[in-house]
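User: I am new to this structure. Could you walk me through it with short questions and answers?

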Amino acid sequence: MSNASSDENFVGDYLPALLAQASHLISTEFHLVVKAHGMTVSEWRVLSTLAGGKALTTTVLAEISLTKGPTATRLLHRLEERELVQRLADNSDRRVTLIRITAKGQQTVSRLIRLAKEHERRVLEPFGFQDAEQLKTILRRLIQLHWREGDDSAEAEAWDRAAAAFPQT
């Protein structure tokens with residue numbers, strides 16, 4: 001870490017700026033692939049977040065997929081109309097609606113997930129397996145440490161389910 005009292009090249013040493021720039025550069029590369037496969041980036045983020053069948057609340061899904069609430073609601077409606085996701089009642093709290101990917105949605109996103117894994121492999125290859133795994137472990141831990149806590153018990157439980165999406169290894 002550089003001298004904290006120096007403002008010279010602050011952004012080049014400031015963690016949030018470094019994370020944002022790395023995310024933007026790497027994501028932009030893959031977003032071209034997503035668009036070439038006829039999917040929007042938002043659709044990709046939502047479907048890839050739901051891949052594997054785990055049901056999430058709209059709030060948690062929006063948070064993980066980096067989609068604003070109203071946008072997520074409209075997007076989920078479109079995905080539901082295309083039978084890529086389905087809404088379910090939460091057995092423990094009828095006020096909560098869960099979103100789950102359908103078989104058609106899983107099939108749609110599976111090819112892109114394979115391509116995403118290949119992209120990730122190419123991005124991380126220069127670092128070697130051990131450093132790449134260490135980087136991912138540190139990022140998961142960083143996410144867990146800064147995950148928002150809900151105010152009420154239903155919301156807190158939903159955030160706990162979302163945090164589980166970033167297991168420590």
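What follows is a set of questions, each with a brief answer.

User: What kind of model is this, and how are residues numbered?

Analyst: This is a predicted model, in which local features need pLDDT of at least 70, side-chain atom pairs count only at pLDDT 80 or more, and totals for chains, interfaces and linings use all residues. Side-chain values use heavy atoms, with hydrogens and water left out, and residues are numbered from 1 along each chain as its sequence is written.

User: In what pattern do helices and strands follow one another along the sequence?

Analyst: Helices (H or I, at least four residues) and strands (E, at least two) are DSSP runs, numbered from the N terminus. The protein has seven helices and three strands. Read along the sequence, the pattern is α-α-β-α-α-β-β-α-α-α.

User: What share of the residues counts as buried?

Analyst: Buried means under 20% relative accessible area, exposed over 50%, and partly exposed in between (1.4 Å probe, protein chains only). The protein has 169 residues. Of these, the buried share is 29%.

User: What share of the contacts with a separation of 6 or more joins residues 24 or more positions apart?

Analyst: A contact means heavy atoms within 4.5 Å. Among contacts with a separation of 6 or more, residues 24 or more positions apart account for 54%.

User: How much area does the protein expose?

Analyst: Accessible areas come from the Shrake-Rupley method with a 1.4 Å probe; for residues, only the protein chains shown count as cover. Carbon and sulfur atoms supply 54% of the exposed area. The total is about 11300 Å².

User: Which residues form a nonpolar patch on the surface?

Analyst: Patches take residues with over 30% relative accessible area and no salt bridge; like charges are joined within 9 Å, nonpolar side chains (Val, Leu, Ile, Met, Phe, Trp, Tyr) within 5 Å. Y14, in the segment before α1 (15-36), counts as partly exposed because its relative accessibility is 38%. The patch has about 300 Å² of accessible area together. Its members are F10, V11 and Y14.

User: Which residues make up the largest nonpolar core's best-connected set?

Analyst: A nonpolar core is a set of buried Ala, Val, Leu, Ile, Met, Phe, Trp, Tyr and Cys residues joined through side-chain atoms within 4.5 Å. The largest one has 23 residues. At least two residues each come from α1, α2, α3 (58-64), α4, β3 (93-101) and α5. Those with the most contacts inside the core are W44, V46, L47, L50, L61, L79 and V85.

User: Which residues does L47 touch, leaving out those up to four places away in sequence?

Analyst: L47 is listed among the core residues with the most contacts. Leaving out residues up to four places away, L47 touches M39, L79, L84, V85, I101 and V109.

User: What is the angle between the planes of F30 and W44?

Analyst: Rings of Phe, Tyr and Trp (its six-membered ring) pair if their centres lie within 6.5 Å; planes under 30 degrees apart count as stacked, over 60 as edge-to-face and the rest as tilted. The count comes to two aromatic pairs. One of them is the tilted pair F30 and W44, 5.3 Å centre to centre, with an angle of 55°.

User: Where do F30 and W44 lie?

Analyst: Both residues are buried. They are 14 residues apart, with F30 in helix α1 and W44 in helix α2 (residues 41-50).

User: How far apart are N and O in the salt bridge of E43 and R82?

Analyst: A salt bridge is a side-chain nitrogen of Lys or Arg within 4 Å of a carboxyl oxygen of Asp or Glu. There are eight salt bridges by this rule. E43 in helix α2 and R82 in the loop between α4 (69-81) and β2 (85-90) are 39 residues apart. Their N to O distance is 2.7 Å.

User: Is E43 buried or exposed?

Analyst: The relative accessible area of E43 is 6%. Its partner R82 is partly exposed, at 36%. E43 therefore counts as buried.

User: Which residues does R82 touch, not counting those up to four places away in sequence?

Analyst: R82 and G105 are 23 residues apart in sequence and 8.7 Å apart in space, C-alpha to C-alpha. Not counting residues up to four places away, R82 touches E43 and K104.

User: Which helices hold K136 and E120?

Analyst: K136 and E120 form a salt bridge, with the closest N and O atoms 3.2 Å apart. The pair ties together parts that are 16 residues apart in sequence, because K136 lies in helix α6 (residues 128-146) and E120 in helix α5 (residues 103-124).

User: With which residue does D93 form a salt bridge?

Analyst: D93 is buried, with a relative accessible area of 13%. Its partner is exposed, at 69%. The closest N and O atoms are 2.8 Å apart, and the partner is R95.
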